[in-house]
Amino acid sequence: GSVFFGEIGLSGAIRPVAHSVPRLKEAAKLGFSRALIPASAQEAEETIGQNIVPDIAPEICGDVAALVAAIATPQKAETRRKP
């Protein structure tokens with residue numbers, strides 16, 4: 001139920017990619033309920049604050065270590081939307 005997007009730099013930082021909001025909207029349409037997104041994705045941060053995509057819960061992730069920790073964290077049972 002999770003989707004991840006961003007560009008991983010050689011330093012391990014996760015950098016933003018273009019079109020964060022459309023990516024989140026499409027992920028929600030496909031039934032994903034959680035999104036791990038780059039910390040510096042301004043467009044995506046605005047999405048979180050304004051709840052533009054209410055069917056998906058974006059989480060900020062700044063580097064590979066945080067991404068691995070987020071993936072390893074057990075998620076509570078969530079119901080997925082049916083496409």
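## Two salt bridges and their surroundings

Glu-59 and Arg-34 form a salt bridge, with their closest N and O atoms 2.8 Å apart. Glu-59 belongs to strand E5 (residues 57-61) and Arg-34 to strand E4, so the pair ties together parts that are 25 residues apart in sequence. Please keep in mind that this is a predicted model.

The two partners sit in unlike surroundings. Arg-34 is buried, with a relative accessible area of 5%, whereas Glu-59 is partly exposed at 29%. The cut-off for burial is under 20% relative accessible area, which is why Arg-34 counts as buried and Glu-59 does not. The strand that holds Arg-34, E4, covers residues 34-38. What else does the side chain of Arg-34 reach? It reaches the backbone oxygen of Ala-70, at 2.9 Å.

**The second pair**

The count of salt bridges in the model comes to two. The other pair is Glu-7 with Arg-15, whose closest N and O atoms are 2.5 Å apart. As a general point, side chains of opposite charge can pair when their charged atoms come close. Here Glu-7 is partly exposed, with a relative accessible area of 39%, and Arg-15 is partly exposed with a value of 39%.

The residues discussed in this report can be set side by side by their relative accessible area:

| Residue | Relative accessible area | Class |
|---|---|---|
| Arg-34 | 5% | buried |
| Glu-59 | 29% | partly exposed |
| Glu-7 | 39% | partly exposed |
| Arg-15 | 39% | partly exposed |
| Ile-8 | 51% | exposed |
| His-19 | 55% | exposed |

**Around Ile-8 and His-19**

Ile-8 is placed in strand E2, an element that spans residues 7-8. Is Ile-8 buried or exposed? Ile-8 is exposed, with a relative accessible area of 51%. Leaving aside neighbours within four places in sequence, Ile-8 is in contact with Ala-13, Ile-14, Arg-15 and Val-64. One of these, Arg-15, is the salt-bridge partner of Glu-7. The C-alpha atoms of Ile-8 and Gly-62 are separated by 9.9 Å, with their positions 54 residues apart along the chain.

His-19 is worth a look for its backbone. It lies in the loop between strand E3 (14-15) and helix H1 (20-29), and its phi is positive, about 60°, although His-19 is not a glycine. Most residues other than glycine have a negative phi. His-19 is exposed, with a relative accessible area of 55%.

**The chain as a whole**

Stepping back, the protein chain has three helices and five strands. From the N terminus on, they follow the order β-β-β-α-β-α-β-α. Of the 83 residues, buried ones make up 31%. The chain exposes about 5,200 Å², and carbon and sulfur atoms supply 57% of that area. Among contacts between residues at least 6 apart in sequence, 57% join residues at least 24 apart.

**Where the confidence lies**

The chain averages a pLDDT of 78, and 73% of the residues score at least 70. Which elements mark the two ends of the scale? Strand E2 has the highest mean pLDDT, 92, and helix H2 (residues 42-50) the lowest, 59. Over residues 77-83 pLDDT stays under 50, and for this stretch the model has nine contacts beyond four places in sequence.

Note on methods:
Residues are numbered from 1 along each chain as its sequence is written. This is a predicted model: local features need pLDDT of at least 70, side-chain atom pairs count only at pLDDT 80 or more; totals for chains, interfaces and linings use all residues. Side-chain values use heavy atoms; hydrogens and water are left out. pLDDT is the predictor's confidence in each residue, from 0 to 100. Helices (H or I, at least four residues) and strands (E, at least two) are DSSP runs, numbered from the N terminus. Contact means heavy atoms within 4.5 Å. Buried means under 20% relative accessible area, exposed over 50%, partly exposed in between (1.4 Å probe, protein chains only). Accessible areas come from the Shrake-Rupley method with a 1.4 Å probe; for residues, only the protein chains shown count as cover. A polar contact is a pair of N or O atoms within 3.5 Å; within protein, one must be able to donate a hydrogen and the other to accept it, and residues adjacent in sequence count only if both atoms are side-chain atoms. A salt bridge is a side-chain nitrogen of Lys or Arg within 4 Å of a carboxyl oxygen of Asp or Glu.
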